[in-house]
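Here are a few short exercises to work through with the model open beside you. Try each task before reading its solution.

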Amino acid sequence: MKLKATLQWLWLNLKFLAGAFCLTGVLIWLFPSAMLDLYAKWATLMQAAGAKNIAELSTQADMFKHILYINALTTALFFAVGLVLQSPIAMSFAGIFYALVSFLAPFAVGRSFGVNDWFLVGSEAFTLLLGASLSSAIAGELFGVKATGSSVWTYWKNNWSKLMPKPVDHWKTILRGWMPALSTVLLILGCLLIFVAWFETYGY
C-alpha cells in the first residue's frame with residue numbers, strides 16, 4: 001500500500017517534470033539566446049548557493065565529496081518540499097533546469113550530450129523524483145490528498161493561506177505506519193546519491 005502510494009506520486013511528479021522539460025526544450029529551440037541568458041543567471045545563483053566548478057576542486061576525491069554534498073542537500077530540499085505537498089512545482093523547476101543543462105550543453109560545455117551524460121541526468125532526476133514522491137505520499141496520507149491533479153489542486157486552493165492545514169490523523173500515527181517503507185526508500189536514496197557522485201566523478 002505504501003509502495004503503491006509512492007509510485008502514484010512518482011508518476012504525478014514525473015508528468016510535471018517531463019512537461020516542463022519538453023516545454024523548455026521547445027523554448028530553447030525557438031529562443032536560444034534568451035534561454036542561454038536564463039541558464040547563465042541560474043548557474044550564477046547556484047554558485048552563490050555553494051555549487052563549485054570542476055576547476056575549483058583540486059582532486060577527484062574533493063569532486064566526489066562536493067557532488068555528494070550538493071546532491072544530498074538538493075534531495076533533502078525536495079523531500080522537505082514534498083512534505084508540504086508542493087512537489088509538482090518543485091519537479092517542474094527540476095524539469096526546466098535539466099532541459100537547460102541538456103539542450104544548452106553545446107553552448108555551455110562545447111559539445112552535445114552523450115549517452116553517459118543523459119544517463120547521469122536521468123539518475124539525478126530519478127533521485128529527486130523518488131525523494132519528493134516519498135515525502136509527498138506521507139504528507140498525502142497525513143492531509144488526505146491523493147496523487148491526482150484534481151486532488152492536489154483542491155488542496156492548494158483551499159489551503160494556500162494556511163501555514164499548517166489540519167491533518168486527517170495524528171502525524172505520529174501516520175509516520176509509524178510509514179517507518180518500514182521510509183527506511184527502505186531512504187536507504188535506496190543514499191545508494192543512489194553515492195552512485196551518482198561516483199559516476200560523475202569516476203564513471204566517465
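**Exercise 1.** In which helix does S92 lie, and is S92 buried or exposed?

Solution. Keep in mind that this is a predicted model. Start with the place: S92 belongs to helix 4. Next, take its relative accessibility, 19%. The cut-off for buried is under 20%, so S92 counts as buried. Finally, look for partners beyond four places in sequence: S92 touches F16 and A20.

**Exercise 2.** Find what covers the buried residues of helix 1.

Solution. First list the buried positions of helix 1, among them W9, L10, L17, A20 and F21. Then see what lies over them: the cover includes helix 2 (32-48), helix 4 (87-103), helix 6 (115-143), helix 7 (149-159) and helix 8 (171-202).

**Exercise 3.** Check whether the span of helix 1 agrees with its number of residues.

Solution. Helix 1 runs over residues 2-30, which is 29 residues. At 1.5 Å a residue these should span 42 Å. The end C-alpha atoms are 42 Å apart, so the two values agree.

**Exercise 4.** Do the same kind of check for helix 6, then describe its burial and what follows it.

Solution. Helix 6 has 29 residues and reaches 41 Å from first to last C-alpha, close to the 42 Å expected. As for burial, 22 of its 29 residues are buried, which leaves helix 6 mostly covered. After helix 6 comes G144, with a positive phi near 70°.

**Exercise 5.** Place T75 and name its contacts.

Solution. T75 sits in helix 3 (residues 60-83). Its relative accessible area is 6%, so T75 is buried. Beyond four places in sequence, T75 is in contact with T127, L128, L189 and L193.

Methods
Residues are numbered from 1 along each chain as its sequence is written. This is a predicted model: local features need pLDDT of at least 70, side-chain atom pairs count only at pLDDT 80 or more; totals for chains, interfaces and linings use all residues. Side-chain values use heavy atoms; hydrogens and water are left out. Helices (H or I, at least four residues) and strands (E, at least two) are DSSP runs, numbered from the N terminus. The expected span of a helix is 1.5 Å times one less than its number of residues. Buried means under 20% relative accessible area, exposed over 50%, partly exposed in between (1.4 Å probe, protein chains only). Contact means heavy atoms within 4.5 Å.
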